[in-house]
Amino acid sequence: MEVLIQRLIQLSVALLAGRCLTGITVLITMPLWALPPAPPHTFFGDVRDEFGQLLPADGSRVVFSRGGRPVGEVGILPAGRDHNYRILLPMDMRLTGSVDYVATAVASGELVTAVVAVRGVSYQPIEINSTGPPVGSPAGKTRLNLTLGEDEDGDGLPDAWEIAQLFYAGVTPGADGWDMSLIRPEGDYDGDGVSNRDEYLSGTYATDSRSYHFLEIATLRTEEIEFRLYTLLGKSYAIESSSDFRNWTAVTCRLGADGGFAPSQTATQTGETLAACPRPEGPAPRFYRLLVR
Ligand SMILES: [Ca+2]
Ligand SMILES: [Ca+2]
């Protein structure tokens, strides 16, 4: 009877540990101090080059490290999402007396860094400083956009893009070089109502008031709304609608005369373009916005 009770206890322990009972040996050698992992933390976002273009899925990779040692690596994703990289960092519960279940496991609050490897060369994104961002909670998500390029003036915009905008505007460098303070992210150099940062992200000129993204109603038909918008070749566009300015849903539209209907489409021309979208039923007011990637 004593042996039976002992085996029942062992069976309970084995089941609690999520293992199959194959014998007493399993119970003895099972590493009881190796606690289960916590759910991974997800970092995701957009990786852009110094002129605002999303990096293509051409083999470039995002590598996360802790203390100089890699803890995760992923390739750039193809278009079609609201991000072009997504990495799940393994996490450990870090309970007292335990050891990590894998050497690359991280914990909440730990600092990590990231580099982007393009054709074998690693670049440190502008957003990554010497300490790097902290890891959030298990199962949590952190959006971390990564921008390539130099940023000597520390404003978050790649200097190469800022200089290109000034050059386009006819500004010349002084004795101390280019005055990049003229192009601040929150500023609007050309006064077209679109911030310099948004012009960088959308690919328009920050120093040309004729170059900016807009969305307006061109024609209102019984069953269709025709929008007029500004597109750039190769950029993708999505029109979203809302009835309360809080919850937005993508509208399936046709961009240009030849395209099919889809929630997001890549422009085949630069300039004004028409987009045909189904008109919603009912008298409720509807708001629309344009997303550019
Ligand atoms: Ca800068
Ligand atoms: Ca502007």
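Trainee: Which residue in β13 is the bridge partner of Ile 239?

Mentor: In β13, Ile 239 is bridged to Val 251. This is a predicted model, in which local features need pLDDT of at least 70 and side-chain atom pairs pLDDT 80 or more, while totals for chains, interfaces and linings use all residues. Residues are numbered from 1 along each chain as its sequence is written, with chains lettered from A and ligands numbered from 1 in the order in which they are written.

Trainee: What makes β12 and β13 a pair?

Mentor: Two strands pair if DSSP finds at least two bridges between them. β12 and β13 (residues 249-251) run antiparallel and are joined by 3 bridges, so the definition is met. Their hairpin has 6 residues between the strands, and Phe 245 takes a positive phi near 70° there.

Trainee: Which other strands pair with β12?

Mentor: β12 (residues 236-242) pairs with β16 (residues 265-266) in the antiparallel sense over 2 bridges, and Tyr 237 stands opposite Gln 265. β12 also pairs antiparallel with β18 (residues 287-292), over 6 bridges; Ser 242 stands opposite Phe 287.

Trainee: Why is α3 called a helix?

Mentor: Helices are DSSP runs of H or I with at least four residues, and strands are runs of E with at least two, numbered from the N terminus. α3 spans residues 159-168, so this run satisfies the helix criterion.

Trainee: How do you know that buried residues of α3 line one face?

Mentor: A residue is buried if 20 or more other C-beta atoms, placed from the backbone, lie within 10 Å of its own, exposed if 12 or fewer, and partly exposed in between. In α3, Asp 159, Trp 161, Glu 162, Gln 165 and Leu 166 are buried. Seen down the helix axis, these residues fall within an arc of 165° (taken from the directions from the axis to the C-beta atoms), so they line one face. They pack against α4 (196-202).

Trainee: What makes a set of residues a nonpolar core?

Mentor: The set consists of buried Ala, Val, Leu, Ile, Met, Phe, Trp, Tyr and Cys residues joined through C-beta atoms within 7 Å. The largest such core has 20 residues, and Val 62, Phe 64, Leu 89 and Val 106 have the most contacts inside it. The elements giving two or more residues are β1 (37-45), β3 (61-66), β5 (85-92) and β6 (113-118); β5 gives the most, with 4 residues. Apart from this core lies another, of 11 residues, including Ala 238 and Leu 255.

Notes. Contact = placed C-beta atoms within 7 Å.
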